[in-house]
Amino acid sequence: SLQFPERLNCADALLDRWVREGQGERLCMEGAGGLRWSYADLQAQANRIARVLVEDLGVVSGNRVLLRGANTPMMAACWFAIMKVGAIAVATMPLLRAKELVQVIQKAEVSHALCDERLAEELQLAQAQCPTLRQVLHYGGAGALEARAAAKPANFTNVDTAAEDCCIIAFTSGTTGQPKGTMHFHRDVLAICQCWPVHCLRARPEDKFIGSPPLAFTFGLGGLVLFPMSIGASTVLLEKASPEALLPAIAQYRATICFTAPTAYRAMAAQVGGHDLSSLRQCVSAGEALPAATRALWKEATGIEMIDGIGATELLHIFISHTEAEARPGATGRPVPGYQACILDDEGRVLPPGQVGRLAVKGPTGCRYLADERQTRYVQGGWNLTGDAYLMDEQGYFVYQARTDDMIISGGYNIAGPEVESALLLHPKVAECAVVGARDPERGEIVKAFVVLRDGQGDALRQDPALESTLIKELQDFVKASIAPYKYPRAIEFRASLPRTETGKLQRFRLRQEAQ
Ligand code: 3SK
């Protein structure tokens, strides 16, 4: 098991340590406009911001500081400054609107905010309804924060924090519309660096990380800041990281390790031609289940076997995954060393291999909801009960079935929506799809698919609507030919796009509501 000293500040272990050990000149972060920061540069900037927080804003240990910005080295410097002063970072997704910011600020009792100037408007609207929020400083452009920071000395003595002091309140992305705040300690930040990256990713100090998840999503914070810095590697922080932007960026920066979601890999697989991806050696997929078809597409396009993983904001990062060599199409992997996982039935009994139930996880990081009655429902006996239905096979590989609420019960059959999605995604005309249960008087529910067609196919459909029924039948027959026929989508609707959260997770609940 992992051992940590009683007193520790994660900024020391991830940032200051490199300078102390004489490696401050190593490249740490790159950003827009040719910006390149060494570990010493990042430390100096974080120290100056820490001084602004303490000396100008009066921030003290335990204060909650909202952080709102695109992925930039400046945002990372602000995050480390918050750690250094012993405060708690409450990072929010860049696209959150005032209404959602109000929920977060009120729930976390945020007292201060550091905000990218380009995202100031919604926060300003929110501030009026948030009496706890005393001060907001902006950065970027002619940001006031940079000016204040520049006037401060570049040294700072970190606040002496306990390993078990809370340093992050991460909000779940709110697929149900009710975000939950999850609290994590300084030691949790270091624990995740010693688990999945060491056992599954096995990155090297010369690696250069890149990817799309926002730093406000712990998938992005870990993959693009904590993991590279834990081994003295470097990272590229992209403000815009759509699939179209990520491909040329990998080539431009000669990145070696990419973090993004399955949907982005699928989109990128169709566009790799013309981009020099020869630097890339590892690709990590998480955020949602990786369909076997997407793994195959990416391998065909790049020759790279993806590393898949499932994590949760509640557990901070990935807890089931595999190495490249152990990849098994269709399976997420095995518990990351340090974590235990099992499958439970509705009564909380452990199920044998092969049976579908609820995934439960235990490990060095764990869920502590902030002031939320759901704590006792989702955490029992040290086990975190996830919202995912899985089975474990005889070899101990965990195979994703569905979100527990993505199970469709139709005519007495239990049908996992994502399984039908995987079957549809193998059809060459299908770009994206989402499968949900739609109410039906005879069968209780029927399987309904929302399908986004590949370029060209959608245009053909718009020009000749009579094609629709032919295409629906073609897709239904295709699914019937690849999985148990009772699972085929009895209803199919074509869409230009699908609703997703900012972290790229499909919002099936929206489609489910529409289908009722
Ligand atoms: O799989 C996820 O959704 C996730 C959530 C938080 C942190 C990391 C990951 C991969």
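## A turn after helix α4

Let's start with a local detail: glutamate 109, just after α4, has a positive phi of about 50 degrees. Keep in mind that this is a predicted model.

The helix before this residue, α4, covers residues 98-108. Its buried residues are Ala98, Leu101, Val102, Val104, Ile105 and Ala108. In an α-helix there are 3.6 residues a turn, so residues three or four places apart point the same way.

Which elements help cover the buried residues of α4? Among them are three strands, β3 (64-68), β4 (88-92) and β7 (166-171), together with the helix α5 (120-127).

## The overall fold

Stepping back, the protein contains 17 helices and 25 strands. Its radius of gyration is 23 Å, close to the 24 Å from the globule rule for 516 residues, so the protein is as compact as a globular protein of that length. The C-alpha trace spans about 70 × 55 × 50 Å along the principal axes.

How are the contacts spread along the sequence? If we take the contacts between residues at least 6 apart in sequence, 65% of them join residues at least 24 apart.

## Burial, surface and charge

What share of the 516 residues is buried? The figure for this protein is 58%. As for the outside, the accessible surface comes to about 20800 Å², and carbon and sulfur atoms account for 50% of that area.

Finally, a look at the charges: the protein has 53 positive and 57 negative ones. The mean positions of these two sets are 1 Å apart.

Methods
Residues numbered from 1 in each chain as written. Predicted model: local features only at pLDDT ≥ 70, side-chain atom pairs only at ≥ 80, totals over all residues. Heavy atoms only, no water. Helix = DSSP H or I, 4+ residues; strand = E, 2+ residues; numbered from the N terminus. Rg over C-alpha atoms; globule rule 2.2 N^0.38 Å. Buried < 20%, exposed > 50% of the residue type's maximum accessible area, 1.4 Å probe, protein only. Contact = heavy atoms within 4.5 Å. Areas by Shrake-Rupley, 256 points an atom, 1.4 Å probe, with all protein chains shown as cover. Lys, Arg positive; Asp, Glu negative; His and termini not counted. Charge placed at Lys NZ, Arg CZ, Asp CG, Glu CD.
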